[in-house]
Amino acid sequence: MRARILSRTHALCLHFFAKRFKQTGCQSDERVRMFILDNTEVVGQHSLTPEVKLRLLTPNCRFWRDRPELWPFHDPYWAIYWPGGQALSRYLLDNPGLCRGKMVLDLGSGCGASAIAAKLCGATYVVANDIDTVAAVATQMNCELNGVEPPVCLTENIIGRRTEAFDLILLGDMFYDEALASSLHSWLDLCIKSQGTKVLIGDPGRAQFEEHGIRQFLRRQAQYELPASVREENYGLTCSTVWSYCPET
């Protein structure tokens with residue numbers, strides 16, 4: 001990811017995981033689970049959602065320091081609780097009526113925090129979509145940590161495709177690339193206009209988001225000051241915002 005503001009966490013990810021590594025052979029879910037257990041740490045108390053526990057990559061973990069070529073999977077974006085996702089999850093937990101009884105899609109779900117928040121708020125059907133198959137396993141494990149039933153995990157790219165009629169689509173930290181932001185803009189328009197979907201976006205102010213044309217169609221719902229530990233890990237970031245997407249009809 002390239003952005004005007006790079007978090008220290010992200011900078012470390014780029015340093016240690018600059019290359020994308022192919023999975024070596026067919027990894028069973030159980031093998032992946034054991035790898036995650038051995039190479040992540042349960043954290044959460046210093047985030048915007050201290051009530052949610054997550055298995056994440058921290059400075060206490062081996063691969064925070066180890067040689068990147070030893071990492072057997074794709075870049076572990078699922079192992080970081082990004083600021084936009086934190087704000088989005090906090091907003092859901094503070095406003096459970098947004099999810100209660102609803103069909104919810106967490107797009108680019110990563111660690112699954114927003115999907116978990118939706119489950120905790122009483123969503124009847126939740127889909128977590130991330131193209132990294134390891135993220136799906138991590139999401140299932142994080143659901144177990146929080147005592148919620150895992151969502152349906154999809155690992156194919158659904159952007160641009162017609163999907164189920166979701167009541168709510170969640171996007172945390174997805175506007176990190178201009179081309180992706182543009183494809184999201186068009187697809188979200190289709191979902192809203194054809195299915196009446198509500199869209200919530202969490203972002204800490206990345207350049208690709210702030211400068212994109214989609215900004216003119218957003219309404220700010222909430223802004224959260226990042227906890228001290230998160231601010232320390234994110235150069236230049238002090239807050240994260242939740243927006244609703246309201247395109248012209």
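Among contacts in the protein chain between residues at least 6 apart in sequence, 71% join residues at least 24 apart, in a model that is predicted. The chain contains 8 helices and 9 strands, and of its 249 residues 53% count as buried. About 11400 Å² of the protein chain is exposed, with carbon and sulfur atoms supplying 49% of that area.

In soluble globular proteins, nonpolar side chains tend to be buried together. Here the largest nonpolar core has 33 residues, and those with the most contacts inside it are Leu54, Leu92, Cys99, Val104 and Leu200. Two or more residues of this core come from each of β2 (54-56), α3 (83-94), α4 (113-120), β4 (125-129), β6 (168-172) and β8 (218-225). Leaving aside neighbours within four places in sequence, Val104 is in contact with Cys99, Ala118, Ala123, Tyr125, Val126, Val127, Phe166, Leu168 and Leu170. Apart from this core lies another, of 24 residues, which includes Phe175, Trp187, Ile214 and Phe217.

A polar residue offers a further local view. Thr40 lies in the loop between α2 (29-39) and β1 (41-43), and Thr40 counts as buried because its relative accessible area of 10% is under the 20% cut-off. Once neighbours within four places in sequence are left aside, the contacts of Thr40 are with Arg55, Leu56, Leu57, Cys61 and Trp78. The polar partners of its side chain are listed below.

| Group on Thr40 | Partner | Distance |
|---|---|---|
| Thr40 side chain | Ile36 backbone oxygen | 2.6 Å |
| Thr40 side chain | Arg55 side chain | 3.4 Å |

Arg55 thus appears both among the contacts of Thr40 and as the partner in a side-chain polar contact.

Definitions and conventions: Residues numbered from 1 in each chain as written. Predicted model: local features only at pLDDT ≥ 70, side-chain atom pairs only at ≥ 80, totals over all residues. Heavy atoms only, no water. Helix = DSSP H or I, 4+ residues; strand = E, 2+ residues; numbered from the N terminus. Buried < 20%, exposed > 50% of the residue type's maximum accessible area, 1.4 Å probe, protein only. Contact = heavy atoms within 4.5 Å. Areas by Shrake-Rupley, 256 points an atom, 1.4 Å probe, with all protein chains shown as cover. Core = buried A, V, L, I, M, F, W, Y, C linked by side-chain atoms within 4.5 Å. Polar contact = N/O pair within 3.5 Å; in protein donor to acceptor, adjacent residues only side chain to side chain.
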